[in-house]
Amino acid sequence: MLDETTQPFGSVTEATDRIAMLISEITSSATEQASALSQMNGFLQETENVAQSNAGAAEEAAVASEELTGQAAMMKSFVGDLLAFVEGRGGAVGAAPLMAASRRTVAASQPAAPNMGLPSAPRSASRPEAKAATNAAENIKSFADHDFEDF
């Protein structure tokens, strides 16, 4: 009768040991999963930081591109005005009114440049071509060394 009583206790002990082993395996697996999730979270955070950095750089590049486009258009207008003056025409070929307005804004914000030894255009002209050339000559802007620092 003692064997009959001990045998169920032995079965309960074996079952308890198996349950303890299974709980230990579950705990180990949960710890590994938590570690993997922590790594994934770190990778996702790093990816988000890189994406934000790229977005900021793209925005800065867009602003710089817009500024360079404006400067290129203004330079194109200056070259057109210079060609028109050199060729004796009154207006620049293809110069947009917007560029003329921006040149006036730039010219108004800078002090007058010295004559630099260039002959000045006559102030009064009897022919319309001469008057147009005089107007074009008055709109020419001199450049100083500091104007080209960005290039």
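## Close-up views of a predicted chain

**View 1. A nonpolar surface patch on the predicted model.** Met 75, Val 79 and Leu 83 together make a nonpolar surface patch of about 230 Å², where a patch joins nonpolar side chains (Val, Leu, Ile, Met, Phe, Trp, Tyr) within 5 Å, each residue having over 30% relative accessible area and no salt bridge, that is, no side-chain nitrogen of Lys or Arg within 4 Å of a carboxyl oxygen of Asp or Glu. Leu 83 lies in helix α1 and is partly exposed, with a relative accessible area of 44%. Residues are numbered from 1 along each chain as its sequence is written. In this predicted model, local features need pLDDT of at least 70, side-chain atom pairs count only at pLDDT 80 or more, and totals for chains, interfaces and linings use all residues, while side-chain values use heavy atoms and leave out hydrogens and water.

**View 2. Helix α1 and its end.** With 86 residues, α1 reaches 125 Å from its first C-alpha to its last, close to the 128 Å expected at 1.5 Å a residue. Its buried residues (under 20% relative accessible area, 1.4 Å probe, protein chains only) are Met 74, Ser 77, Phe 78, Gly 80, Asp 81 and Ala 84. Just after α1, Gly 88 takes a positive phi of about 85°.

**View 3. Confidence along the chain.** Helix α1 (residues 2-87) has the highest mean pLDDT among the elements, 93, and helix α2 (residues 97-109) the lowest, 48, on a scale of predictor's confidence from 0 to 100. Over residues 92-99 the pLDDT is below 50, and this stretch has 8 contacts beyond near neighbours in sequence, a contact being heavy atoms within 4.5 Å. Where pLDDT is low, predicted coordinates should not be read in detail.

Note on methods
Helices (H or I, at least four residues) and strands (E, at least two) are DSSP runs, numbered from the N terminus. Patches are made of residues with over 30% relative accessible area and no salt bridge: like charges are joined within 9 Å, nonpolar side chains (Val, Leu, Ile, Met, Phe, Trp, Tyr) within 5 Å. Accessible areas come from the Shrake-Rupley method with a 1.4 Å probe; for residues, only the protein chains shown count as cover. Buried means under 20% relative accessible area, exposed over 50%, partly exposed in between (1.4 Å probe, protein chains only). The expected span of a helix is 1.5 Å times one less than its number of residues.
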